[in-house]
Amino acid sequence: MLKYVYLFQEGNKDMRNELGGKGAGLAEMTNIGLKVPPGFTITTEACIAYFDAGKKFPAGMLEETIEAMKTIEEQSGKRFGGTENPLLVSVRSGARISMPGMMDTVLNVGLNQETLKRLSELAGERFALDSYRRLIQMFGNIVKGIERHKFEAVLDEYKKKTAGGQDIDLTTEMLKEVVEDFKKLYRDELNEEFPEDPYDQLSQSIGAVFDSWYGAPAVSYRKEEGIPGHWGTAVNIMAMVFGNIGDDSGTGVVFTRDPSTGEKKLYGEFLLTAQGEDVVAGIRTPYSIGEMDELMPEHYKELSDVCTRLEQHYLDVQDIEFTVEKGKLWILQTRTGKRTARSAVKIATDMVEEGLITIEEAITRISPHQVDLLLHPSFDLEAKKKAIDSGDRLAVALNASPGAASGIAVFDADKADELGSAGRAVILVRPETNPDDVHGMAKAVGILTQHGGMTSHAAVVARGWGKPCVAGCESIHIDLKARKFRVSGREIKEGDYISIDGGSGEVFAGELPTVAPDFGKELELQKLLSWADEVRRLGVWANADNPIDAKRALEFGTEGIGLCRTEHMFFEEERRHIVVKMIMSESQEERQKLLDQLLPFQREDFEGIFRVMDGYPVIIRLIDPPMHEFLPPREELIEEVTKLQCTGEDPEKLAELEKIQEVVERMWEINPMMGVRGCRAGIMYPGLTEMQTRAIIEAACNVAKEGIDVHPEIMIPLTSHVNELHVERDKLEKVAKDVIAAKGIEVDYKFGTMIETPRAAITADELAEYSDFFSFGTNDLTQMTYGVSRDDAEGKFLLDYVERGILPKNPFEVLDWDGVGVLMEMCVEKGRKTNPKLEIGICGEHGGEPRSVEFCHLIGLNYVSCSPFRIPIARLSAAQAKLKHG
């Protein structure tokens with residue numbers, strides 16, 4: 001019979017799949033001798049079986065639970081439901097991968113009228129009542145679905161009567177009334193009494209924790225993090241220890257290193273006379289962990305030793321929950337700490353240098369997404385200074401998660417989700433966040449909370465997602481009903497722009513401009529990427545159309561240019577009119593004269609790029625788009641010509657436009673992206689690609705005479721038939737040889753083609769006879785494989801397909817391994833069979849997407865090429881692919 005329940009001493013850290021991360025951590029800590037309250041874990045298999053059976057516990061699970069409870073009773077010297085020394089337990093979730101605050105917890109399970117009396121005698125009446133009101137509130141909300149704010153409203157009325165205004169200021173008599181009011185609320189909402197049977201409380205709480213796996217916060221978080229829904233959650237049942245029992249008690253959260261900066265120092269918060277949810281919920285502003293050294297020096301030293309031991313045991317930063325009960329330290333949880341991107345990189349490189357992990361482990365610990373986040377912009381310093389001088393800095397609070405964001409202030413998660421999904425930049429502003437807000441947090445560009453600390457729900461989730469967050473901003477006063485907040489005499493309404501700097505904790509009115517990141521200052525990231533370069537096999541090149549982009553690509557670590565698009569050069573103002581005339585020319589002689597005018601421009605463009613890319617290969621794609629793209633749009637021409645014909649105004653302009661319209665009509669195609677473009681334009685417009693080739697080779701010869709090490713590679717786009725490639729290469733090769741002969745200097749050049757159609761991939765063996773290299777244009781290859789237009793599909797149905805699970809991913813973002821990938825693999829195999837030295841790469845934006853890079857490694861490409869800002873992502877992804885697959 002399947003075992004559903006494991007005592008902590010029966011598990012270990014390698015049982016995450018069965019026990020969840022929390023349960024595996026509790027088991028491991030128990031077995032290495034740390035002070036962990038006795039307890040047990042109900043497995044993820046039980047959760048899966050529960051849902052498979054229509055939310056019924058699997059056979060034997062409750063019986064195993066009761067037996068495990070007897071063991072806890074023996075270990076603790078207490079009895080569940082007993083009147084001599086009552087045992088209370090916590091019921092907490094625990095998925096394989098940490099989902100902070102996304103699922104449910106119920107504390108103090110086992111309290112009823114009888115155990116309350118005995119607990120009052122043993123530990124004091126105020127403590128017992130405080131524990132009981134917490135149980136009623138959590139059970140009522142989590143298990144029974146009574147809205148949280150209804151309990152909070154009752155509690156707030158009593159807190160208003162105290163001098164301090166916090167729950168710790170409530171008197172014993174007030175707590176008696178709170179308990180009665182909570183019970184009345186429970187009775188009025190549910191038409192039933194609060195349950196007295198401890199095992200009834202326990203079984204209902206277990207079911208509620210299972211149910212929270214499919215709660216809205218958990219589902220939203222899983223979607224954002226890519227966590228499978230079929231994993232399920234474990235349930236951890238543990239003897240309660242109380243941080244709210246007296247002045248010598250408290251609770252807190254500590255990270256073994258700073259999760260924002262990566263600095264090697266303890267980072268966290270704690271509260272005296274509190275239970276764990278008080279810290280995470282951010283309802284009370286806590287002490288920093290450093291202040292614990294002054295308030296509880298012995299326990300701080302003990303906690304520091306535990307942190308060191310756990311980090312060295314797990315060889316990673318740990319996020320640890322602890323409670324001090326009557327002067328005794330208990331460890332309630334350890335898990336791998338969520339951290340910012342910059343912190344993750346620093347921690348990984350530091351741990352290599354400390355001898356804790358290997359270079360290979362450091363490379364695998366950093367996700368490509370984290371590298372991407374490091375390259376996000378920050379606020380312009382001059383703009384910040386100007387905002388401060390003009391009085392637009394509204395507040396400075398806790399810098400809970402770094403990054404800069406501007407957006408409209410929105411005061412509820414539903415609206416943030418709606419507007420964010422529609423493409424609006426939203427800052428979610430809340431008194432504090434809780435798991436119910438996670439869908440809005442996912443769509444917001446930043447988060448601002450009035451309450452809470454550095455380990456509050458808002459801070460932890462924001463850091464995990466790489467979103468800026470300013471927390472504990474007590475100087476703002478939020479009015480949720482009016483949807484606004486006030487600060488220093490100013491009023492910010494919903495829809496007003498605000499800007500937050502999560503690195504400094506500053507909040508500004510209005511929208512601040514941002515500046516691009518300085519990759520040169522990211523020394524830790526550069527160190528990590530240099531290690532990745534030593535590991536990876538796959539080359540990383542850049543898509544760059546001008547010297548500025550080429551220089552930027554070199555700064556990011558490119559090893560060549562995999563795509564230089566020449567058509568972008570034709571759109572510049574000083575040459576656009578020449579291009580238009582060339583297209584409209586009525587004779588080859590006229591066309592050639594205009595092409596001769598374009599030649600110097602093209603040559604100058606290429607010389608600039610070659611000088612920057614000294615020693616590196618540069619692949620230049622000959623003109624690719626349909627010719628009509630250089631002319632005015634057909635619909636606009638029809639409208640303007642019709643208007644001039646009707647009014648009779650400006651006959652000269654009308655004649656000119658009619659001539660252009662005649663050419664556009666002649667060139668008009670139903671599907672121009674599959675018409676006269678690429679190599680077809682080179683064949684149908686004699687002299688066009690010859691001029692481009694001449695410009696490339698002349699530029700290469702000119703800079704070679706300057707001492708530049710130049711390696712031009714000329715790419716003929718959109719060849720579907722070998723004869724197209726044969727015709728183009730023969731005439732262009734002649735141009736190249738003639739130029740080299742005339743210049744009197746040898747230049748190492750190559751000719752190749754772009755694989756953009758299924759037929760090209762299928763007949764790669766034929767194309768390889770006339771190619772020195774292939775480059776996959778996966779945007780067009782994906783369009784033609786799927787039979788869709790990207791522009792139409794993404795706007796009409798493709799994203800909906802992904803949302804509904806019809807497609808696993810958008811194939812224009814993540815390479816389709818099973819369709820497009822099969823064509824690519826076939827192409828590589830057939831091409832290299834003909835030409836074993838064939839250089840093959842990819843130049844679509846897939847070249848910077850991690851899963852796509854992994855596939856390119858697997859099928860043996862030579863390089864991937866992507867935009868300059870994605871080069872660091874590709875470098876890391878290529879190294880991770882090598883470590884994963886060899």
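This passage describes the overall dimensions, a sheet, the nonpolar cores, the aromatic contacts and selected local features of a predicted model.

In the predicted model, the protein comprises 36 helices and 33 strands, and its C-alpha atoms fill a box of roughly 105 × 65 × 50 Å when this is taken along the principal axes. Of the 886 residues of the protein, 56% count as buried. Among the contacts with a sequence separation of 6 or more, 70% are accounted for by residues that are 24 or more positions apart.

An open sheet is formed by five strands in the order β1-β2-β7-β5-β6, and the pairing within this sheet is antiparallel. Because β1 (5–7) and β6 (105–109) stand at the edges and each has a single partner strand, one side of each is left without a neighbour in the sheet. From one strand to the next, the twist averages 20°. At the β6 edge, the antiparallel pairing between β5 (residues 89–94) and β6 extends over three bridges, and Val109 in β6 is the bridge partner of Val89. Helix α3 (residues 61–76) lies across β1, β2 (39–42), β5 and β7 (234–239), and the helix runs at about 165° to β2. In general terms, the strands of a sheet pair through backbone hydrogen bonds, in either a parallel or an antiparallel arrangement.

With regard to the nonpolar interior, the largest nonpolar core has 117 residues, and those with the most contacts inside this core are Phe610, Ile697, Phe774, Phe776, Met824 and Leu861. The element that gives the most to this core is helix α28 (residues 688–705), with ten residues. Leaving out residues up to four places away in sequence, Met824 touches Phe776, Thr778, Leu781, Leu815, Ile842, Phe855, Ile859 and Leu861. Apart from this core lies another, of 60 residues, whose members include Ala46, Ala49, Ile72 and Tyr158. Such grouping can be set beside the tendency of nonpolar side chains to be buried together in soluble globular proteins.

Aromatic contacts were also examined, and the count comes to 21 aromatic pairs. One of these is formed by Phe255 and Tyr267, which meet edge-to-face at 6.1 Å centre to centre with 75° between the planes. Since Phe255 belongs to strand β8 (residues 250–255) and Tyr267 to strand β9 (residues 267–272), the pair ties together parts that are twelve residues apart in sequence. Both Phe255 and Tyr267 are buried. Elsewhere, ring pairs link Tyr50, Phe51, Phe57, Phe210 and Tyr214 into a cluster, and Arg222 lies over the face of Tyr214, one of the members of this cluster, at 5.3 Å from the ring centre. A charged group is likewise placed over an aromatic ring at Trp817, where the charged end of Arg851 sits 4.1 Å from the ring centre.

Strand β11 (residues 318–325) contains Glu321, which is classed as buried because its relative accessible area is 14%, under the 20% limit. Not counting residues up to four places away in sequence, Glu321 touches Arg92, Gly252, Val253, Trp330, Ile331, Leu332, Gln333 and Arg335. The pairing of β11 with strand β12 (residues 328–336) is antiparallel and extends over eight bridges, with Glu325 standing opposite Lys328 in β12. The hairpin of β11 and β12 has two residues between the strands, and Lys326, which lies in the loop between them, has a phi near 50°, a positive value in a residue other than glycine.

A positive phi, of about 50°, is also found at Thr273, although this residue is not a glycine; Thr273 lies in the loop between β9 and α10 (276–281). For context, most residues other than glycine have a negative phi.

A further contact between parts separated in sequence involves Ala404, which lies in strand β16 (residues 404–410). Ala404 and Pro468 are 64 residues apart in sequence, yet their C-alpha atoms are 6.0 Å apart in space. When neighbours within four places in sequence are set aside, Ala404 is in contact with Pro377, Ser378, Phe379, Pro468 and Ile500.

Methods: Residues are numbered from 1 along each chain as its sequence is written. This is a predicted model: local features need pLDDT of at least 70, side-chain atom pairs count only at pLDDT 80 or more; totals for chains, interfaces and linings use all residues. Side-chain values use heavy atoms; hydrogens and water are left out. Two strands pair if DSSP finds at least two bridges between them. Helices (H or I, at least four residues) and strands (E, at least two) are DSSP runs, numbered from the N terminus. Axes are lines fitted to C-alpha atoms, for helices over the stretch in contact, and angles run from 0 to 180 degrees between N-to-C directions. Contact means heavy atoms within 4.5 Å. Rings of Phe, Tyr and Trp (its six-membered ring) pair if their centres lie within 6.5 Å; planes under 30 degrees apart count as stacked, over 60 as edge-to-face and the rest as tilted. Buried means under 20% relative accessible area, exposed over 50%, partly exposed in between (1.4 Å probe, protein chains only). A charge sits over a ring if NZ of Lys or CZ of Arg is within 6 Å of the ring centre and within 35 degrees of the ring normal. A nonpolar core is a set of buried Ala, Val, Leu, Ile, Met, Phe, Trp, Tyr and Cys residues joined through side-chain atoms within 4.5 Å.
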